[in-house]
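User: I'd like a close look at one part of this model, whichever you think is worth the time. Could you walk me through it in one connected piece, loops and side chains included?

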Amino acid sequence: MIVGYHFIKVPDEKLCISLLKEIKEKHGIVCRRCDSSEYYWKQDKMVFECKECRLRTSLKVGTIMNRSRLPIHFWVVAVNCIISGSFKLTIKDIQRKLEHNRYEPILEMCNTIKMQLERLKPERKSGTSLISFNEMPLSEQHFFTWAECQNESHKKIDQKLIILYLEWLSKSPQIYY
Ligand SMILES: [Zn+2]
């Protein structure tokens with residue numbers, strides 16, 4: 001599989017927040033304390049607040065970004081760098097691209113992403129060659145998304161890939177059994 005190299009421009013944090021919010025709303029917001037699905041969105045705090053019990057849930061809860069202090073757009077860029085050319089880019093390169101002054105949080109984030117990529121790798125049983133887009137490994141989803149909109153503007157490709165990565169990032173961490 002040839003991966004379509006495409007390095008996205010570092011996106012705006014506000015854009016990533018609103019896209020991730022949309023993704024989470026599409027999948028449904030359910031309060032983890034009282035199971036209510038009625039909520040308010042608190043723009044100033046970037047949290048969902050349960051209408052029933054007022055429990056606040058940050059956007060990162062239930063995703064692999066949970067407890068990370070790094071902004072969401074860092075994760076988007078890191079996924080893009082790892083998928084597009086992990087053998088070319090070092091953690092230092094990614095850190096430089098993100099203009100972050102500390103190495104350790106970037107290393108930790110990249111390790112979390114790599115671990116999740118391994119864990120979410122679909123098992124292909126022989127004889128079942130046709131799988132849906134959602135079942136493909138992220139690198140293949142990246143390739144098809146990129147190939148599909150190759151003739152479009154850089155900005156449009158970026159937007160599609162950002163949504164793809166955020167969908168992937170919003171999945172909860174998988175656990176080995
Ligand atoms: Zn609640």
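Analyst: First, a word on naming: helices and strands here are DSSP runs (H or I of at least four residues for a helix, E of at least two for a strand), numbered from the N terminus. Also keep in mind that this is a predicted model.

Let's take the zinc site and the loops around it. The zinc ion has four protein donors, the SG atoms of Cys 31, Cys 34, Cys 50 and Cys 53, lying 2.3 Å from it. What makes the arrangement tetrahedral? The donor atoms subtend angles of 100 to 115° around the zinc ion, so they pass the test for that label. For reference, the ideal value for four tetrahedral donors is 109.5 degrees.

Along the sequence, the donor residues follow the spacing C-x2-C-x15-C-x2-C. Cys 31 sits in the loop between helix 1 and strand 1, while Cys 50 belongs to strand 2, so this pair ties together parts that are 19 residues apart in sequence. Both are buried: Cys 31 has a relative accessible area of 5%, and Cys 50 has 4%. As for sulfur paired with sulfur, the structure holds zero disulfides. Cys 16 is buried too, at 0% relative accessibility.

Now for the loop that carries Cys 31. Ile 29 is found there as well, between helix 1 (13-27) and strand 1 (39-42). Ile 29 counts as buried, since its relative accessibility is 15% and the cut-off for buried is under 20%. Leaving aside residues up to four places away in sequence, Ile 29 touches Lys 24, Ser 36, Ser 37, Tyr 39 and Phe 48. Its C-alpha is 9.9 Å from that of Glu 49, a residue 20 places away in sequence.

Glu 49 brings in the charged side chains. Side chains of opposite charge can pair when their charged atoms come close. Glu 49 is buried, with a relative accessible area of 3%, and forms a salt bridge with Arg 56, the closest N and O atoms being 2.8 Å apart. Arg 54 also forms a salt bridge with Glu 49, here with the closest N and O atoms 3.1 Å apart. These bridges share partners and join Glu 49, Arg 54 and Arg 56 into one network. On the basic side, Arg 56 is partly exposed at 40% relative accessibility, and Arg 54 is partly exposed at 49%.

Arg 54 deserves a second look for its backbone. Arg 54 is in the loop between strand 2 and strand 3 (56-58), and its phi is positive, about 70°, although it is not a glycine. Most residues other than glycine have a negative phi. Met 46 does something of the kind in the loop between strand 1 and strand 2 (47-50), with a positive phi near 60°. Met 46 is partly exposed, at a relative accessible area of 26%.

One more link is worth adding. Glu 38 forms a salt bridge with Lys 51, the closest N and O atoms being 3.9 Å apart. Glu 38 lies in the loop between helix 1 and strand 1 and Lys 51 in the loop between strand 2 and strand 3, so the pair ties together parts that are 13 residues apart in sequence. Glu 38 is partly exposed at 44% relative accessibility, and so is Lys 51, with a relative accessible area of 36%. For the whole structure, the count comes to eight salt bridges.

Methods: Residues numbered from 1 in each chain as written. Predicted model: local features only at pLDDT ≥ 70, side-chain atom pairs only at ≥ 80, totals over all residues. Heavy atoms only, no water. Disulfide = S-S within 2.5 Å. Buried < 20%, exposed > 50% of the residue type's maximum accessible area, 1.4 Å probe, protein only. Contact = heavy atoms within 4.5 Å. Donors = N, O, S within 2.8 Å, 3.2 Å for Na, K, Ca; no water. Tetrahedral: all angles 85-135°; square planar, octahedral: opposite > 155°, others 65-115°. Salt bridge = Lys/Arg side-chain N within 4 Å of Asp/Glu carboxyl O.
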